[in-house]
Amino acid sequence: MIILGLDPGTAATGFGIVAFDSGHLRLESCGVWRPAARFTLPEKLEFLFTSAAELLGRVTPAAVSVETVFAAKNISSALKLAHARGVLLAAAARASVPVFEYEPRLVKKALVGY
């Protein structure tokens, strides 16, 4: 089973592709999408949607995992994060891939222990 994990952001969106086989996880690939800083917010969102749609079409994962929005002190940053999440969720929906959402602190705790 192939799973695509997404860590959304408008300045940088991280992705990781893992394979789950016989009870073991294996990292297949990972990277970061960085829209140009000069892009407007709509251009950044289009870049993220296109990048995610291309990767979903190439990899055809069984599921997508996306971090939820965390409670941020800066409302403007939280809104931009929500926009980025939205286009990633839309790309997964267009590819008919089920999406599972996790809190950032739970993801980090599972991966690094704190």
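1. A definition to start with: a residue counts as buried under 20% relative accessible area, as exposed over 50%, and as partly exposed in between. With a relative accessible area of 24%, Phe-39 is therefore partly exposed. Please keep in mind throughout that this is a predicted model.

2. Phe-39 has an aromatic partner, Phe-47, and the two rings meet edge-to-face, at 6.5 Å centre to centre with 65 degrees between the planes. Phe-47 is partly exposed as well, since its relative accessibility is 27%. The structure holds 2 aromatic pairs, so you may like to look at the other one next.

3. That other pair joins Phe-15 and Trp-33, which are stacked: the centres are 4.7 Å apart and the planes make an angle of 25 degrees. Because Phe-15 belongs to strand β2 and Trp-33 to strand β3 (residues 24-33), the pair ties together parts that are 18 residues apart in sequence. Both Phe-15 and Trp-33 are buried.

4. Phe-15 and Trp-33 turn up again in the largest nonpolar core, which has 19 residues. Together with Leu-4, Leu-6, Leu-55, Leu-56 and Val-64, they are the members that touch the most other members. Each of β1 (2-7), β2 (13-21), α1, β4 (63-67) and α2 supplies at least two residues of this core. Helix α1 gives the most, with 6 residues.

5. Leu-4 is a good place to zoom in on the core. Neighbours within four places in sequence aside, Leu-4 is in contact with Phe-15, Gly-16 and Ile-17, with Leu-55 and Leu-56, and with Pro-61, Ala-63, Val-64 and Ser-65.

6. Now for the helices. Helix α1 (residues 41-59) packs against helix α2 (residues 75-94) at an angle of about 30 degrees, and their axes are 9 Å apart. The crossing of α1 past α2 is right-handed. On the α1 side, the contact is made by Leu-41, Leu-45, Leu-48, Phe-49, Ala-52, Ala-53 and Leu-56. On the α2 side, it is made by His-83, Ala-84, Val-87, Leu-88, Ala-90, Ala-91, Ala-92 and Arg-94. By class, this contact has 13 nonpolar residues, 1 polar and 1 charged. Leu-56 of α1 takes part in the helix contact and is also among the core members named above.

7. Is Arg-85 buried or exposed? Arg-85 sits in helix α2, and its relative accessible area is 10%, so Arg-85 counts as buried. Not counting residues up to four places away in sequence, Arg-85 touches Pro-8, Val-66, Glu-67, Thr-68, Val-69 and Glu-101. Two glutamates, Glu-67 and Glu-101, are thus included in that list.

8. Finally, two backbone angles deserve a glance. Most residues other than glycine have a negative phi. Ser-22, in the loop between β2 and β3, has a positive phi near 50 degrees. Thr-60, in the loop between α1 and β4, likewise has a positive phi, of about 45 degrees, although it is not a glycine. Ser-22 counts as exposed because its relative accessibility is 65%. Thr-60 is exposed too, since its relative accessibility is 56%.

Methods:
Residues numbered from 1 in each chain as written. Predicted model: local features only at pLDDT ≥ 70, side-chain atom pairs only at ≥ 80, totals over all residues. Heavy atoms only, no water. Axes fitted to C-alpha atoms, helices over the stretch in contact; angles between N-to-C directions. Helix = DSSP H or I, 4+ residues; strand = E, 2+ residues; numbered from the N terminus. Left-handed = near helix turned anticlockwise from the far one by under 90°. Contact = heavy atoms within 4.5 Å. Nonpolar A, V, L, I, M, F, W, Y, C, P; charged D, E, K, R; others polar. Buried < 20%, exposed > 50% of the residue type's maximum accessible area, 1.4 Å probe, protein only. Core = buried A, V, L, I, M, F, W, Y, C linked by side-chain atoms within 4.5 Å. Phe/Tyr/Trp six-rings, centres within 6.5 Å; stacked < 30°, edge-to-face > 60°.
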